[in-house]
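Here are some exercises to help you find your way around a new structure. Try each task with the model open, then read the worked solution.

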Amino acid sequence: MPSRCGTAVRIFTTTLFAAVVLFAILLAYVTGYQFIHTEQHHLSFGLYGAILFLHLLLQSLFAYLEHRRMRSPARPQHLRRSVALCIAAYQEDPDYLRKCLRSVRRISFPGLKVVLVVDGNRPEDAYMMEIFQEVMGSAEQAGSMVWKGNYHSDGGVGEGGRGGGGGGGGRVNVEEAARVARIVRGCRYSCIMQEWGGKREVMYTAFKALGETVDYVQVCDSDTVLDPACTIEMLKILEEDPEVGAVGGDVQILNKYDSWISFLSSVRYWMAFNVERACQSYFGCVQCISGPLGMYRNSLLQQFLEPWYHQTFLGSKCSFGDDRHLTNRVLSFGYKTKYTARSQCQTETPTRYLRWLNQQTRWSKSYFREWLYNALWFHKHSLWMTYESVVTGFFPFFLVATVIHLFYRGRLWNILLFLLTVQLVGMVKATYACFLRGSLVMIFMSLYSLLYMSSLLPAKIFALFTINKAGWGTSGRRKIVVNFIGAIPVTVWACILLGGVAYTIYCETQEPFNETEKALLIAGTILYACYWLILLVLYLAIVAKRCNKREEQYHLPYAEA
């Protein structure tokens with residue numbers, strides 16, 4: 001009874017806290033209260049801006065404190081724990097897969113078990129097993145198998161090798177499933193090709209076949225190059241604190257100089273991991289352990305393996321957001337989730353705008369879906385998790401409302417001031433990132449602000465309205481498929497903004513500018529143009545000349561794989 005009362009009190013407290021935070025932000029936004037402003041309100045600083053500034057300040061502070069904690073020397077660790085590395089592969093680029101497996105061979109952890117599961121068992125998928133045998137086959141205790149089905153099919157191959165995959169209602173081929181388990185448990189290196197079923201099916205096969213034979217499970221994608229120390233660094237975090245259920249590492253971009261979109265993704269990745277997730281890690285509530293580099297307590301993972309696989313949302317089986325839901329399951333048990341920058345990897349990212357947009361749309365869908373699930377466990381963790389979830393969850397909607405309001409207010413200065421503010425905030429965050437990372441390249445993080453406003457913001461709203469649609473994800477890397485659906489929200493958003501600009505120009509023509517407005521518009525335009533000119537020159541001088549020179553991309557020690 002006392003335990004139930006304590007839980008009820010915590011649920012009430014966190015719910016009340018979330019409501020207060022949301023109400024305070026909403027009140028500040030609606031009232032538009034201003035601390036200071038010019039005589040004609042051309043410039044002002046209000047309560048809503050102060051709240052956002054305070055959020056960025058606190059996030060940066062806690063991220064810095066967590067990085068200081070990471071730098072402190074760890075206690076000596078005993079390497080007596082067993083770890084299995086599970087790699088998910090689907091139509092992978094042969095070059096990426098080969099680099100991935102070579103980096104795995106160089107991991108400095110004795111007795112590491114490696115399980116590669118290929119999502120597809122057709123002849124055109126066989127090259128992945130051949131690469132596995134080429135790189136890993138010479139080692140002792142290596143095994144492989146082509147499975148006609150998977151754990152949730154009837155063992156038969158459907159049309160095109162995809163029938164029944166992930167259906168969940170068929171009869172499992174017990175003999176083949178048992179053989180898969182024997183190979184995975186008996187061989188240090190194993191490769192399983194199975195009937196297509198999606199990434200969650202592939203991950204389930206590795207987890208299920210391993211059972212409880214190892215202490216920890218590390219996850220990795222087949223386009224990822226791992227640092228030799230990545231495993232031991234994550235293991236240290238889990239060994240030091242038994243209350244930590246999962247830990248993630250620093251995911252960097254392998255092909256960052258392939259295009260402008262991959263380069264901007266690289267600086268955004270660094271910011272997301274080393275500021276946002278580092279801050280979450282300070283409170284033990286990292287909300288997504290990324291697929292390229294993460295580690296889980298296997299005893300805990302096996303407890304929620306079935307409900308994780310069979311997750312549904314609005315009556316449909318979930319087919320994306322596998323890593324975020326895996327993290328949420330850990331949090332639901334009351335365990336902490338951590339991040340360490342001492343464990344590193346490099347992974348592939350889309351180099352084409354539309355493919356990047358589809359990836360971001362898919363991630364946004366899983367974010368909103370998992371936000372609702374995550375809210376059920378606010379009471380089991382720090383109040384920071386509640387606070388940050390409320391702020392980041394509702395921020396896109398406040399931002400959309402702000403943009404539409406300013407663009408249709410009928411004053412050019414409002415639009416220009418908004419554009420200047422976006423880049424100013426981007427520059428402040430970029431400057432802090434330069435300090436934290438010790439690299440001037442992070443100054444280009446401010447360029448990502450425009451990409452967020454023009455593309456990612458409408459993609460988030462579109463993702464919310466199509467949250468139960470299972471498609472529109474990124475394709476396999478061996479054959480890139482262009483999907484134009486992601487362009488729909490961006491096109492609609494562009495039309496809305498252009499309509500606002502046209503309306504504003506019409507309104508301004510009806511009444512001449514006063515001298516103050518003229519001076520502000522001229523000064524603001526010059527300032528904005530100078531900002532883009534300087535950033536463009538720096539980009540051409542530092543980044544553009546390195547694009548498409550793949551040999552210069554792999555600058556980390558482990559990338560020689």
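**Exercise 1. A strand and its partners**

In which sense do strands β3 and β7 pair, and over how many bridges?

Before we start, note that this is a predicted model.

Step 1. Find β3 at residues 83-89 and β7 at residues 216-221. The two pair in the parallel sense, over 6 bridges.

Step 2. Pick out one bridge: Ala88 has Asp221 as its partner in β7.

Step 3. Now look for β4, residues 113-119, which also pairs with β3 in the parallel sense, again over 6 bridges. Here Cys86 is bridged to Val115.

Step 4. Check how covered β3 is. Val83, Leu85, Ile87 and Ala89 point one way, while Ala84, Cys86 and Ala88 point the other way, and all are buried. That makes 7 of 7 residues.

**Exercise 2. Into the core**

Work out which residues touch the most other members of the largest nonpolar core, and which helix gives the most to it.

Step 1. This core holds 145 residues, and Ile87, Phe207, Leu226 and Trp308 touch the most other members.

Step 2. Helix α8, residues 260-282, gives the most to the core, with 12 residues.

Step 3. Zoom in on Ile87. Leaving out residues up to four places away in sequence, its contacts include Val104, Val115, Val117, Cys220 and Asp221.

Step 4. For background, nonpolar side chains tend to be buried together in soluble globular proteins.

**Exercise 3. Looking for disulfides**

Find out how many disulfides there are, and why Cys230 isn't bonded to Cys345.

Step 1. The count comes to 0 disulfides.

Step 2. Take Cys230: the closest cysteine sulfur, in Cys345, is 7.6 Å away, so it is too far for a bond. The cut-off is 2.5 Å.

Step 3. Is Cys230 buried or exposed? It's buried, since its relative accessible area is 0%. Cys434 is buried as well, at 12%.

**Exercise 4. A lysine out of the solvent**

Say where Lys338 sits and which side chain it makes a polar contact with.

Step 1. Lys338 lies in strand β13, residues 336-347.

Step 2. With a relative accessible area of 12%, Lys338 counts as buried, because the limit is under 20%.

Step 3. Its side chain makes a polar contact with the side chain of Glu66, at 3.3 Å. Other residues that Lys338 touches include Arg69, Ile237, Val244 and Ser281.

Step 4. Follow Glu66 back to its helix: it's one of the buried residues of α2, among them His55, Phe62 and His67.

**Exercise 5. Checking helices with a ruler**

Compare the expected and actual spans of α2 and α12.

Step 1. α2 (residues 47-71) has 25 residues, so at 1.5 Å a residue it should span 36 Å; its end C-alpha atoms are 36 Å apart, which agrees.

Step 2. α12 (residues 353-374) has 22 residues and should span 32 Å; its end C-alpha atoms are 30 Å apart, which agrees too.

Step 3. Of those 22 residues in α12, 18 are buried, so the helix is largely enclosed by the rest of the structure.

**Exercise 6. Where a helix begins**

Which residues does Met445 contact, setting aside neighbours within four places in sequence?

Step 1. Met445 is in helix α15, residues 445-465, and it's buried at 6% relative accessibility.

Step 2. Its contacts are Val267, Arg268, Met271 and Ala430.

Step 3. Ala430 is 15 residues away along the chain, but the two C-alpha atoms are separated by 5.2 Å.

Note on methods
Residues are numbered from 1 along each chain as its sequence is written. This is a predicted model: local features need pLDDT of at least 70, side-chain atom pairs count only at pLDDT 80 or more; totals for chains, interfaces and linings use all residues. Side-chain values use heavy atoms; hydrogens and water are left out. A nonpolar core is a set of buried Ala, Val, Leu, Ile, Met, Phe, Trp, Tyr and Cys residues joined through side-chain atoms within 4.5 Å. Buried means under 20% relative accessible area, exposed over 50%, partly exposed in between (1.4 Å probe, protein chains only). Helices (H or I, at least four residues) and strands (E, at least two) are DSSP runs, numbered from the N terminus. Contact means heavy atoms within 4.5 Å. A polar contact is a pair of N or O atoms within 3.5 Å; within protein, one must be able to donate a hydrogen and the other to accept it, and residues adjacent in sequence count only if both atoms are side-chain atoms. The expected span of a helix is 1.5 Å times one less than its number of residues. Two strands pair if DSSP finds at least two bridges between them.
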